[in-house]
Each structure stands twice: as C-alpha cells, then as structure tokens.
Amino acid sequence: MAEKITAYRFNRLDQTLSQLNLEDCVIIAGGTDVMVLHKSRRGVPPKIPKPIVFIDHLSELKQVFQNQKDLHIGACCTYSELLEHPLIPNPLKDAIKTIAAPAIRNRGTLGGNICNASPAGDTLPLLYVYNAKLLLRSVNGDRLVAISDFIQGPRRVGRNQDEILAEIILPSVLEEGAHVVFEKVGNRNADAIAKVGFAGYIRFNDVRIEDVRFSFGAVGPTMVRSIDIEKKLIGKTIPLTNTDITQVVAAFDKIIKPIDDQRSTALYRKTVALNLLRYFLTMKQYQPN
C-alpha cells in the first residue's frame, strides 16, 4: 500500500501562510524540481518526507506590475506566462527560452528557479546583474532580501520555515539606457543544463561607464559576481583599453572556480566564462534592448 502524504491546497495566500506557521512543509509551485529531487523508481509515487503545500494557483503570487521604474514579478508566474508578458525585459525572455522544453516552461516558475538554488540556474545570472530583491512573506509580515544573500549554496537558501517567496523585484530594470547581455552555453540551445551561464549589464554616460555588472553561473557553488572588480571600470571611457580588459579578465580568473562533472570540465568552463567576459568588454556588440 502506498504511503499516505498530507497535502494542502488553500484558496488564499493568508491561509497558506497560517499553515506554514504551524508546521514545516514542502512547498510546490510547478514541481519541476521538487518531483525530480524526490523521485522513486518507475511507477512508484515520489517519497516526500514532509506535508506538501501547493501554491501555484494563488493569484497573489502571479502578478506582474510596474512600480515607478521597478518591476515586480510574482514568484509563481510560469516561464510561459513571463514570455508573453510585455513588461518582462527581453534579456530575461532570452534566458527563459533556453529553459527545458515548452511543457516544463508551462509548469516551472521563476520563484522555483530561485529557491532551487542550482549553480546552473538559467535565470540566476541575469537576476544577479539586475540586483534582484526578493520579497519573503509570512504571518509576521514581509522581509526583503537581496538574491545574493538569499542563495547560500547548492539547494540552500535563506528562507525560514514559515515564509513564502512572494515577489521578485528588479530595481530600475525599466529604466532606459542600460545594455544587458545573456549567454548560456550548453549541449543544445534549450532543454539542456548550462555548462556556463553569463550575464553582463552596462550603462553609459556619454562615453564613460556609469554602471557595470557581471555574473557567471555554473562556475562555482553560487553565482560568481564581484562588485569590487566591477567598481574598477566605473568612470572608464569606451572603448576600453586592452590593459583594462586584461586586468578585469585576470581578476575574474582568480575567483572563478568551476568543477569537473558529467556535463563539462573545469578547464572548459573557466575558458568559456572568461571568453564571454572578454567579448562583453569589447563593447562592439551592444544593441538597445
């Protein structure tokens, strides 16, 4: 006889939060990561050790709206829904198009990609360079945390038992003038786990760099980003000199520390990551978003 699993599917977010305040539960939105994580042999239901709370249907977690120049994205918006939404920036849509197959994109959610905290998470490099803030909600109120503080390691996040990731907030993402690049290297254009992910963000004031950000995925336990290295380019004029580019690439060479696994070698990952960075810094390829 199959083991019984307790599952909750409340009609409102406040009811869901009340239940999470009472007991430790596994939260399922799209389930595309959770079901794989707990899968059993063929024909046997997955063994999930805790009660389940379904949240994918909650309207409070599926809103996308603009607040001044900030973009608020409900954590339970599916990838397919985000692809169709006019407010979602094109680079984020480009990243979403590389995720899995259409059937998975119809179920998987942006919040799930974050809470899964995979080093190869497809949207994560972009969310890092967008300086994403995460709105966590519980019966005790809301808590705002930077994505770089929330993701602590592979499958490790700073979420309390009684909290739900409610919104992803992209500050000033709707502001004009920034150039954003996303690159994913994998065995296929989509439906493949990234060997290397890269996102770059740059904004100019005439010919001077006013803001610049870089993030790399699948080359460390979390996204690799260095604000200290980025600061070295602020105020530089474009095009950058070969010396400037070489110094930045050399600095990232010291902190990018990939591993060998079944998808790729550490040497390949580091080589590709640094080549993507160097290409981004040549600044010949930018097109307005």
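Here are some questions and answers about this predicted model.

Q: Which strands are the edge strands of the open sheet with the order S1-S3-S2?
A: Let's begin with the open sheet of 3 strands, whose pairing is parallel. In the order S1-S3-S2, S3 is written between S1 and S2. An edge strand pairs on one side only, and that description fits strand S1 (7–8) and strand S2 (26–28).

Q: In S3, what is the bridge partner of Ile-28?
A: Strand S2 (26–28) is where Ile-28 sits. S2 is joined to strand S3 (residues 52–54) by 3 bridges, and the two run parallel. Within S3, the residue that partners Ile-28 is Phe-54.

Q: How many residues lie between S6 and S7 in their hairpin?
A: Strand S6 covers residues 133–138 and strand S7 covers residues 141–146. They run antiparallel and are joined by 6 bridges, with Lys-133 standing opposite Ala-146 in S7. The number of residues between the two strands of this hairpin is 2.

Q: Which residue in S10 is the bridge partner of Leu-134?
A: S6 also pairs with strand S10 (residues 164–170). Here 5 bridges join the two strands, which run antiparallel. Leu-134 belongs to S6 (residues 133–138), and its bridge partner in S10 is Ile-168.

Q: What is the volume of the largest cavity?
A: A cavity has to reach 30 Å³ or more to enter the count, and the count comes to 1. Its lining includes Pro-119, Phe-182 and Ala-218. The volume of this largest cavity is about 40 Å³.

Q: How many charged residues are in the lining of the largest cavity?
A: Asp-122 and Lys-184 are among the lining residues, and Asp and Lys both count as charged. The lining also has 6 nonpolar and 3 polar residues; Gly-121, Gly-197 and Gly-217 are in the lining, and Gly counts as polar. The number of charged residues is 2.

Q: Is Asp-261 buried, partly exposed or exposed?
A: Asp-261 lies in the loop between helix H10 (242–255) and helix H11 (266–282). Its relative accessible area is 27%. Buried would need under 20% and exposed over 50%, so Asp-261 is partly exposed.

Q: With which side chain does the side chain of Asp-261 make a polar contact?
A: Asp-14 is 247 residues away from Asp-261 along the chain, and their C-alpha atoms are separated by 42 Å. The polar contact is instead with a residue whose number falls within helix H11 (266–282). At 3.1 Å, the partner of the Asp-261 side chain is the side chain of Arg-269.

Key: Residues numbered from 1 in each chain as written. Predicted model: local features only at pLDDT ≥ 70, side-chain atom pairs only at ≥ 80, totals over all residues. Heavy atoms only, no water. 1 Å grid on protein atoms, 1.4 Å probe; cavity = no way out; pocket = protein on both sides within 12 Å on 5 of 7 lines; lining within 4 Å. Points joined across faces, edges and corners; volume = space filled by probe spheres on them. Pairing = 2+ DSSP bridges. Helix = DSSP H or I, 4+ residues; strand = E, 2+ residues; numbered from the N terminus. Buried < 20%, exposed > 50% of the residue type's maximum accessible area, 1.4 Å probe, protein only. Polar contact = N/O pair within 3.5 Å; in protein donor to acceptor, adjacent residues only side chain to side chain.
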